[in-house]
Amino acid sequence: MRVTITSVTCYATEDITGGDEFYGIAGFAVNLPSGNQVRIGEMVGPAIPINSSFAGTKKTLNKVIFTQVVPEHTEINGNFTAYDEDVAKNWSKVRKDVLESMGKAAEGAGKLGSKGAVAENIINAGMGVIDALAIFDDDDVLGSRGFPTIVIDTEDPKFIDGKHTITDTFTFKDSGYLTSDFNYKVGYKIECTETFGSQPTMR
């Protein structure tokens with residue numbers, strides 16, 4: 001299975017004085033048939049300079065944020081949080097710190113509750129750690145959106161010739177009195193392809 005952030009389109013920036021610096025953080029909770037839960041995180045960064053236009057300013061990204069070979073009947077839940085960067089960062093260090101923090105959050109959350117509760121706990125815990133990191137204190141959160149829950153079942157009618165693809169967008173929008181009225185659309189694609197002879201990367 002592969003998840004790709006395909007594009008970001010800006011119709012109105014968060015910064016009322018000029019352009020934004022867009023980036024995002026994705027988190028996935030993978031519930032395996034074995035009963036194991038695995039937490040995967042990825043970033044869409046470094047921050048991307050973007051400005052608004054009436055028709056929308058579009059940036060093509062094609063950033064793969066999840067790619068794994070998983071067994072049949074695996075359930076994958078995930079979300080994507082979008083930010084406007086206000087303070088410049090050392091992105092090579094930021095990515096390492098964020099993904100390590102998300103992994104540590106998963107260790108505790110993965111031991112709690114039912115499969116559905118575990119998925120929610122892992123994602124929320126991971127995002128909470130990220131939001132708590134001091135490096136993000138001065139950045140503006142545009143919002144957080146959930147990907148559709150995917151259950152790998154090649155006998156499901158949605159799988160045609162061993163493939164199931166979802167192409168959609170997240171909308172991040174806010175209208176405030178005397179504050180920013182940002183409006184973004186983030187495109188994504190989820191691709192599930194049946195494989196033969198490949199060993200799962202998660203068990």
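Colleague: Before we start, what does "contact" mean here?

Modeller: This is a predicted model, by the way. Two residues count as touching when their heavy atoms come close enough, and the cut-off for contact is within 4.5 Å.

Colleague: Okay, so which residues is phenylalanine 147 in contact with, leaving aside its neighbours within four places in sequence?

Modeller: Let's start with the core: Phe147, along with Phe22 and Phe80, touches the most other members of the largest nonpolar core, which has 35 residues. Setting aside neighbours within four places in sequence, phenylalanine 147 is in contact with Val3, Ile5, Phe28, Ile65, Gly78, Asn79, Phe80, Phe170, Tyr188 and Ile190.

Colleague: And which element gives the largest share of this core?

Modeller: Elements that give two or more residues to the core include β1 (2-12), β2 (20-31) and β9 (183-193). The largest share is five residues, and that comes from β9.

Colleague: Are tyrosine 23 and tyrosine 83 stacked or edge-to-face?

Modeller: Tyrosine 23 is buried at 0% relative accessibility, and tyrosine 83 is buried too, at 1%. Tyrosine 23 lies in strand β2 and tyrosine 83 in strand β5, so the pair ties together parts 60 residues apart in sequence. Their ring centres are 4.9 Å apart with 5° between the planes. Planes under 30 degrees apart count as stacked, so this aromatic pair is stacked.

Colleague: Last one: how many disulfides are there?

Modeller: A disulfide is a covalent bond between the sulfur atoms of two cysteines. Cysteine 10 is buried at 0% relative accessibility, and cysteine 192 is buried at 2%. For a disulfide, the sulfur atoms must lie within 2.5 Å. By that rule, the count of disulfides is zero.

Technical notes. Residues numbered from 1 in each chain as written. Predicted model: local features only at pLDDT ≥ 70, side-chain atom pairs only at ≥ 80, totals over all residues. Heavy atoms only, no water. Core = buried A, V, L, I, M, F, W, Y, C linked by side-chain atoms within 4.5 Å. Buried < 20%, exposed > 50% of the residue type's maximum accessible area, 1.4 Å probe, protein only. Helix = DSSP H or I, 4+ residues; strand = E, 2+ residues; numbered from the N terminus. Phe/Tyr/Trp six-rings, centres within 6.5 Å; stacked < 30°, edge-to-face > 60°.
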